[in-house]
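Colleague: Got a minute to walk me through this one? I'm still new to reading structures.

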Amino acid sequence: MIEISELRKTYRMGDVEVNALDGINLEIAKGEFLGIMGASGSGKTTLLHMLGLLDEPTSGKITIDDVDVGRLNDYEKTQFRLYKLGYVFQDYALVPDLTVMENVSLPAMLRLDRTDEQTQAGSFEVLQKIGLCDRRDHLPRELSGGQQQRVSIARAMVNKPDILFADEPCANLDSENSRLVLELFKEINEEFHQTIVMVSHEDWHKNYFHRIIKLKDGKIVSDGTNGSSAH
Amino acid sequence: MGKKELKVAFLLALRSLQRGSRSSVILTILIIGMCFTNMIFLPSMFNGIGQSITRQVVDYEVGNVLVSPKSGDKYVADIHATLDLINGMPGVERATPHFTKGATLKYRQRVLGVSVRAISPNDEKFISPLYTKMVAGSYLGDADIGEVIIGRPVAGDASIRQEDEFQASLGGVRVGDSITIDYGNGYVKDYRVKGIYFTGWSQADSAVYVTYTDMALVDPKALDNAESITVKAKPGYSEKFIKNELLAYGVGGSGKVQTTADLLSKSMGRALQSFAIINMVSLVVSIIITTVVLFIVITIKTLSSRKQIGILKAIGVDKEVIMHNYGFQVIILGILGIILGIFLTLILAAYMAVNPIVTPEWSATLYVTPLDLFINSVILFIAAVVAGYVPAYQISREDIQTAMRS
């Protein structure tokens, strides 16, 4: 489903070139719950952003569902993100002036294949799924960190994307809320067979992943299923 | 841009204004409102002064059309035939002669140089509201001889010492008092003050009025001559029409025919030009202030929301939606500011209608027309939209990574 070949990202810092990603080759199957792990600065987030079409690689190719995403123009990338991808960010990234319901509905409202009624019903359904229906008219600042992250997950799910990207979604949460969020990802993955790619540096998160890749200095240093690791 | 995108952009804009910083929204609306008021105030004030002067010139000097002596002549001759001719023309409400002589007024120890204007009091009522401006005594009658009405500034105030007077006067003449008029041609006559008037138009207020019959005794030329003939048009008839009628009927052979507009364009042309320049400067300054303020407000808004803009783009919101979100915010702020500005302007206009600016020369109120309000609204709205869309356009084009890292 996702194929990455010889992916490189080089940043220039003054006269020095830094290889954030250094020739990554990777395939991610449909329905996989993939964990990207590694130390700070290993290139985890950079790889996630490349896969999520949030950044341009210096070289290499990314194919998602047989689409060479490097060939898409700016508008096509936006539409691709809207219809096929979902994102959960470390700091929730909700729109502070919109209610929970409006935040969740926002991506769905832009879809041309959905009526207003379908948007409302879909948003309500995911809010029920995350257990925050009763808080739908609240603003993000009126929710706890864990609740905000669940709203963020609901927003990512509302368009039923093929792939869900999560960038350290538990980084700002305590262990109990982290567990709740990971359980939610697991449920989504099992129930809807959505592919999930999640960046984490917490060792105990790997229990939730089907497969884990470890990055170091922009290279994959290990790639294996939960409990086993292989190059 | 589809309907759905516009709907989302509008929702984002509305919620940002509803739930964002309320003080910033109120301040921005207030600034736009005050800029609008500033844009319209000076031109309306100048318009008001112009209207006031025009009205007073029409009321107390020339009517709608003035027939004055041809160049080289001192008087309009054969006035009885001319008046009969003019009064019979379509569109003419009334024509009446004026005859003015310079004279010296004497009252007790006071001596004052004035213009003595001779009028036909009953005909004058059709031309001028002077008869409604009596503050003491009564207006002249056609047959009055030896009676005079005088302006309040000429009559003066007995409680003010001569050396403290702003304008020289007779020091407190009252109705029924006798004053002496020395016409300078050897004709000196005592008059009884029949009434005192105040019009607010300095040239009328610093004059005195006698009947045409009386003036004919002083200067026999007044029997069949006039210094000018003022013509009042019936409602619905333009000055231009009356002027053309007069020329067509041959009145141009007896005197020079000019409309009020003709006369004012000569006497006030430079003043009007200066007003227009000041208006333009005021307009440009207001537009610049509004544009800069809105530009700063939207720039600050966009810069402080850069990360959020990056997130919105990441979840599939198109850059056009983001740009229109800020565009709609400016449109809403602009409309509310303009409504406030119109409201402030109307309050000012209402206040000044009750408390006009009064000078010794003229009195003026704020003259605001619906067209003025509309034109200024459109200008300010366009300026606001441009000021809002420029930073919105710039920020919406920023790449996601740069925006999200900010």
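Modeller: Sure, one term before we start: two residues are in contact if their C-beta atoms, placed from the backbone, lie within 7 Å. This is a predicted model, so local features need pLDDT of at least 70 and side-chain atom pairs 80 or more, while totals for chains, interfaces and linings use all residues. Residues count from 1 along each chain as its sequence is written, with chains lettered from A and ligands numbered from 1 in the order they're written.

Colleague: OK, which residues of α4(A) meet α5(A)?

Modeller: From α4(A) you've got A:Val126, A:Leu127 and A:Ile130, and they meet A:Arg150, A:Ile153, A:Ala154 and A:Met157 in α5(A). Sorted by type, that contact has six nonpolar residues, one charged and no polar. (Ala, Val, Leu, Ile, Met, Phe, Trp, Tyr, Cys and Pro count as nonpolar, Asp, Glu, Lys and Arg as charged, the others, Gly among them, as polar.)

Colleague: And at what angle do α4(A) and α5(A) pack?

Modeller: About 140°, with the axes 9 Å apart; α4(A) is residues 116-130 and α5(A) is 145-157. Axes are lines fitted to C-alpha atoms, for helices over the stretch in contact, and angles run from 0 to 180 degrees between N-to-C directions. That makes α4(A) oblique to α5(A).

Colleague: Does α5(A) lie across any strands, and if so which?

Modeller: α5(A) lies across β6 and β7 (163-167) of chain A, at about 170° to β6(A). Helices (H or I, at least four residues) and strands (E, at least two) are DSSP runs, numbered from the N terminus.

Colleague: What order do the strands take in the sheet of six?

Modeller: In chain A it's β6-β7-β8-β3-β9-β10, an open sheet with mixed pairing. Two strands pair if DSSP finds at least two bridges between them. The edges are β6 (85-88) and β10 (219-225) of chain A, each pairing on one side only. Ignoring direction, neighbouring strands here are turned by 15° against each other on average.

Colleague: How many bridges join β9 and β10(A)?

Modeller: Six, in the antiparallel sense, with β9 covering residues 211-216 of chain A. A:Arg211, for instance, has A:Thr225 in β10(A) as its bridge partner.

Colleague: Switching topic, what about the sheet with four strands?

Modeller: That open sheet runs β2-β1-β4-β5 in chain A, with antiparallel pairing. β2 (16-28) and β5 (67-68) of chain A each have a single partner strand, so one side of each is left without a neighbour in the sheet.

Colleague: Which helix packs on that sheet?

Modeller: α1 (residues 44-51) of chain A, touching β1 (2-13), β2 and β4, with its direction at about 60° to that of β2(A).

Definitions and conventions:
Angles under 35 degrees count as roughly parallel, over 145 as roughly antiparallel, 65 to 115 as roughly perpendicular and the rest as oblique.
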